[in-house]
Structures are given as C-alpha cells and as structure tokens.
Amino acid sequence: MKCKDHSVSGEEFELVYDAVFDMLKTDPVPDNLEAYYNSEAYISHTDGKRTLFEKVYQWVKNYTLANKLSYLEKHHHSKGRLLDIGAGTGDFLVEAKTSGWEVSGIEPNEDARARAENKGIQLNPDLDDLIENKFHAITMWHVLEHIQDLDKQIESLRKVLVSNGTLFVAVPNFKSYDALHYKQYWAAYDVPRHLWHFSQTSIQKIFEKHEMKVVEIIPMKFDAYYVSLLSEKYKTGKMNVMKAFFTGFVSNWKGNKTKQYSSLIYVIKNT
C-alpha cells in the first residue's frame, strides 16, 4: 500500500509488510528525516490552537495527561526518577513533576525544547546525555514509531532503566477498525515520520528479543476520534466532524470486542 505525506512534502511512500514481526515498514526512509518535521503542521512540537483540529488536539492532550500519570503511578506507588522520551513541549513532565516525580526528558526538536523550558522543564536533545543515569520509569508517548534503529534504542533503554523498572510505550495500531476503514488515508501512518507501524504481536516480539516483557495493554480511546478527524481531512479535504466521530465510535465499539483499538499503551517490564 502507498501512503502520502499529507503534512509536509506531499511525497508517496510504500508500506512494506514484515511477516516475521507482523508489522509494516515505511519505504524508502529519507536521508534527511529532520526536514519532514520542520513544519508548523507537525503539531506535537507546538502549542498551537489556531484551527479546529489544533484545538481538538490540545484539548485531548490535556485531558489525557492525568490518565497517563495514573497509569504510571498504578505501577509505581512510590515516586522516583522518570524519563520521558520525545517529550515535545514538556506538558507530561510538568504534570509528573507537580505530582512529585523527579523528571528528565529527551526532545530532539529545538523549538519544542524552548517551549518546554518556558514551562520550567529542561530537556536534553539526546539519550546519550543521560546514559549514565538510572530511571524507575520511562515513557514514550507515540515515539517508538519514529525511531530508526529499534534494537539500538531498546538496548539504550535497558541500560538506563532500573531492574524491574517500567517502560510505557504508546503507539498506533494498524489493525484497528479506523486503520482498516481509512486505509492509505489513515492519519496515524504519518509517513515518513512514522517508520514502523506496529501490531500487538510485533511489540511483544520486539521487546522479548531484549528480555523485556509486556505485562499490560491499555487502550487510548480518544485517539480513534482524533485520528479519524484528521483522516477525514486527508481523504475528502474536509474535517467531516460527524463522520469522524461515528468512525471513532465504531472503532472503539469494535475494540471492546477485538482489543484492536486505534492506539495502545504497552506496559513493559525490564526483567
């Protein structure tokens, strides 16, 4: 299947199926990926509220911050050192810091780091800056799909995560109803920024390679509505709020039975 980069370049990329890991790979991978992030359309690096879509995104982001923190604290009753990778403009770390966590973050984008700094959060551009540290928990909210070398990244995570520490990985699920419904227009493919497109099987297999175990899978039900809203725009040129809401509702309704939600959070233990 071919997908178009709707956010920045307008270029087309192929989604190639990997039968061993039950996942899709974006092909080709551009030599200069950074150029595909340098756009005001890449919303996770901004705090924009200019359009209806940006307003919906920011509302959903703020609503889910407390949920993410509750997932974290369910597995860590005594608060410790937290690392958020792909921290964006720092909102989750602000929430965690307020709750009593000792926070650190990684964010490659300079503009996003500057916005986080204005909120009192100092972010590092690369994990190598913190490789000598140890963390009780690491969060990656919609980040793993952006990583070029998965094996290298996971080994680095293991080095900085304490024994029996917890990793939280949120990624889109290409086997969800909304993905199957929108096909090449599904916004969560987001090529070429998303290099990998995971299933539940692929996440479990990838981390098992590195002696890490998935202990819980949590649905992100709001993602079905947000992704459907943007997918409608890609498909028809309009937001089509009612159609998007209906598709999101159906995706979650089917997900209650199949467990194939639009996005999933994997709770992974460092064994």
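These are my notebook entries on a few strands and one helix pair that I looked up in this predicted model.

**Entry 1: the four-stranded sheet**

I began with the open sheet of four strands, and I read its order as β1-β2-β3-β8, with antiparallel pairing. Because β1 (2-4) and β8 (196-197) each have a single partner strand, they stand at the edges, and one side of each is left without a neighbour in the sheet. I then followed β1 to its partner and found that it pairs with β2 (residues 12-18) in the antiparallel sense, over three bridges. To fix the register for myself, I noted that Lys4 has Glu12 in β2 as its bridge partner.

**Entry 2: strand β10 and its partners**

Next I turned to β10 (residues 263-270), and I asked myself how many of its residues are buried. The strand is mostly covered, with eight of its eight residues buried. I checked the faces separately: Ser263, Ile265, Val267 and Lys269 lie on one side, Leu264, Tyr266, Ile268 and Asn270 lie on the other, and all are buried, so that both faces are covered.

I looked up two strands that pair with β10. Strand β7 (residues 161-172) pairs with β10 in the antiparallel sense over seven bridges, and within that pairing Leu167 has Ile268 as its bridge partner. Strand β9 (residues 212-219) also pairs with β10 in the antiparallel sense over seven bridges, and here I noted Lys269 in β10 as the bridge partner of Lys213.

**Entry 3: helices α7 and α8**

For the helices I recalled that two packed helices are described by the angle between their axes and the distance between the axes. The axes of α7 (residues 222-236) and α8 (residues 241-258) come within 8 Å and cross at roughly 140 degrees. That angle makes α7 oblique to α8, since only angles over 145 degrees count as roughly antiparallel. The crossing of α7 past α8 is right-handed.

I listed the residues that meet: Ala224, Tyr225, Ser228, Leu229 and Glu232 from α7, against a set in α8 that includes Val241, Ala244, Phe245, Thr247, Gly248 and Phe249. Sorted by class, this contact has seven nonpolar, five polar and two charged residues.

**Entry 4: Ser228**

I finished with one residue of that contact, Ser228, which has its place in helix α7. Is Ser228 buried or exposed? Its relative accessible area is 0%, so Ser228 is buried, the cut-off being under 20%. Leaving aside neighbours within four places in sequence, I found Ser228 in contact with Ala244, Thr247 and Gly248, and also with Asp178, Tyr182 and Asp223.

Methods:
Residues are numbered from 1 along each chain as its sequence is written. This is a predicted model: local features need pLDDT of at least 70, side-chain atom pairs count only at pLDDT 80 or more; totals for chains, interfaces and linings use all residues. Side-chain values use heavy atoms; hydrogens and water are left out. Two strands pair if DSSP finds at least two bridges between them. Axes are lines fitted to C-alpha atoms, for helices over the stretch in contact, and angles run from 0 to 180 degrees between N-to-C directions. Angles under 35 degrees count as roughly parallel, over 145 as roughly antiparallel, 65 to 115 as roughly perpendicular and the rest as oblique. A crossing is left-handed if the near helix is turned anticlockwise from the far one by less than a right angle, and right-handed if clockwise. Contact means heavy atoms within 4.5 Å. Ala, Val, Leu, Ile, Met, Phe, Trp, Tyr, Cys and Pro count as nonpolar, Asp, Glu, Lys and Arg as charged, and the others, Gly among them, as polar. Buried means under 20% relative accessible area, exposed over 50%, partly exposed in between (1.4 Å probe, protein chains only).
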